[in-house]
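Work through the exercises below with the sequence and the 3D structure at hand. Each task is followed by a solution in steps.

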Amino acid sequence: MSGSRDSEPIPERTPRNPFGGVVEDGITPDTKITTFTEYYHTMHKAQYFQPFDPYFDCFVLFHPGLGHPASAHEWEETIPQLLETKVPIICTGYTEWDMQRDKAWVEEKMKGEVDILMEAGENTFRSLRWDLNDADPGDLSCGNWGVWAFRGKRYEAQMGDQFFKFV
């Protein structure tokens, strides 16, 4: 965000905007998009977003690099907190391989505490521009090429004869 020539400066942190969020409202009467440059886990600990509504809220991670060796460590603290909310988490990826690596990392690190809401696949609304890696011309990628979604595992309780069982 701060490296773009066309971007506005990051807002000053104030008591009303303690994490310097850039708010885009007026999209529709009921929609507001806020972009933060702070780590999510910092805001989660401060309970900045509470309460969560699993029917109206979601998190969107644009090519997050969850399983990438250079960035996976930055997600170790954040992903469990996102899963705790039970809110849908929508992820995009540059390539199918990129998304599969991210999905495998989430499933391995979160040890089955994940519900897959949408299998990874090509995003109909992806960028139409292909990017070429100058260091490796065989490496083509596309912004938001694919999309997949998950959330924290939900356990349904059912009444048995003498006890509750979790399904």
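The exercises that follow treat a predicted model.

**Exercise 1. The nonpolar core**

Find which residues of the largest nonpolar core touch the most other members, and which helices and strands supply at least two residues of this core.

Solution.
- Step 1. The largest nonpolar core has 21 residues, and those that touch the most other members are Leu66, Ile79, Ile89, Val106 and Phe150.
- Step 2. At least two residues of this core come from each of β3 (59-61), α2 (72-75), α3 (78-84), β4 (89-93), α4 (96-109) and β8 (146-152).
- Step 3. Take leucine 66 and set aside its neighbours within four places in sequence: its contacts are Ala72, Trp75, Ile79, Cys91, Asp102, Trp105, Val106 and Trp148.
- Step 4. As a general point, nonpolar side chains tend to be buried together in soluble globular proteins.

**Exercise 2. Tryptophan 148 and tryptophan 130**

Decide for tryptophan 148 and for tryptophan 130 whether the residue is buried, partly exposed or exposed.

Solution.
- Step 1. Tryptophan 148 belongs to strand β8, and tryptophan 130 to strand β6 (residues 130-133).
- Step 2. The cut-off for buried is under 20% relative accessible area, and for exposed over 50%.
- Step 3. Tryptophan 148 has a relative accessible area of 0%, so this residue is buried.
- Step 4. Tryptophan 130 has 42% relative accessibility and therefore counts as partly exposed.
- Step 5. Not counting residues up to four places away in sequence, tryptophan 148 touches several residues, including Leu66, Ile89, Met99, Val106, Ile116 and Met118. The C-alpha atoms of tryptophan 148 and methionine 118 are separated by 5.2 Å, although the two residues are 30 residues apart along the chain.
- Step 6. Trp130, together with Leu132 and Leu140, makes a nonpolar surface patch of about 310 Å².

**Exercise 3. Helix α4**

Check the length of α4 against the span expected for its number of residues, then list its buried residues and what they pack against.

Solution.
- Step 1. α4 has 14 residues, which at 1.5 Å a residue should span 20 Å.
- Step 2. The C-alpha atoms at the ends of α4 are 20 Å apart, so the two values agree.
- Step 3. Asp98, Met99, Arg101, Asp102, Lys103, Trp105 and Val106 are the buried residues of α4.
- Step 4. These residues pack against α2, α3, β4, β5 (114-122) and β8.
- Step 5. Charged side chains also pair within the helix: aspartate 98 and arginine 101 form a salt bridge, with 2.9 Å from N to O. Both lie in α4, 3 residues apart, which is about one turn of the helix.
- Step 6. In general, residues three or four places apart in an α-helix point the same way, because there are 3.6 residues a turn.
- Step 7. With a relative accessible area of 7%, aspartate 98 is buried.

**Exercise 4. Salt bridges between distant parts of the chain**

Locate the partners of the salt bridges lysine 109 to glutamate 76 and aspartate 115 to lysine 153, and classify each residue by accessibility.

Solution.
- Step 1. The whole structure holds 9 salt bridges.
- Step 2. In the pair of lysine 109 and glutamate 76, the closest N and O atoms are 3.4 Å apart. Lysine 109 is in helix α4 and glutamate 76 is in the loop between α2 and α3, 33 residues apart, so the pair links distant parts of the chain.
- Step 3. Lysine 109, at 33% relative accessibility, and glutamate 76, at 39%, are partly exposed.
- Step 4. Aspartate 115 and lysine 153 have their closest N and O atoms 3.4 Å apart. This pair also links distant parts of the chain, with aspartate 115 in strand β5 and lysine 153 in the loop between β8 and β9 (157-159), 38 residues apart.
- Step 5. Aspartate 115 counts as buried at 16% relative accessibility, whereas lysine 153 is partly exposed at 25%.
- Step 6. Asp115, Arg151 and Lys153 are joined into one network by salt bridges that share partners.

**Exercise 5. Backbone angles**

State where lysine 86, lysine 111 and proline 51 lie, and describe the backbone at each.

Solution.
- Step 1. For reference, most residues other than glycine have a negative phi, and most peptide bonds are trans.
- Step 2. Lysine 86, in the loop between α3 and β4, has a positive phi of about 65°. Its relative accessibility is 30%, so it counts as partly exposed.
- Step 3. Lysine 111, in the loop between α4 and β5, has a positive phi near 45°. At 69% relative accessibility lysine 111 counts as exposed.
- Step 4. Proline 51 lies in the loop between α1 (40-45) and β3, and a cis peptide bond with omega of about -10° joins glutamine 50 to proline 51.

Definitions and conventions
Residues numbered from 1 in each chain as written. Predicted model: local features only at pLDDT ≥ 70, side-chain atom pairs only at ≥ 80, totals over all residues. Heavy atoms only, no water. Core = buried A, V, L, I, M, F, W, Y, C linked by side-chain atoms within 4.5 Å. Buried < 20%, exposed > 50% of the residue type's maximum accessible area, 1.4 Å probe, protein only. Helix = DSSP H or I, 4+ residues; strand = E, 2+ residues; numbered from the N terminus. Contact = heavy atoms within 4.5 Å. Expected span 1.5 Å × (residues − 1). Salt bridge = Lys/Arg side-chain N within 4 Å of Asp/Glu carboxyl O. Patch = residues over 30% accessible without salt bridge, like charges linked within 9 Å, V, L, I, M, F, W, Y side chains within 5 Å. Areas by Shrake-Rupley, 256 points an atom, 1.4 Å probe, with all protein chains shown as cover.
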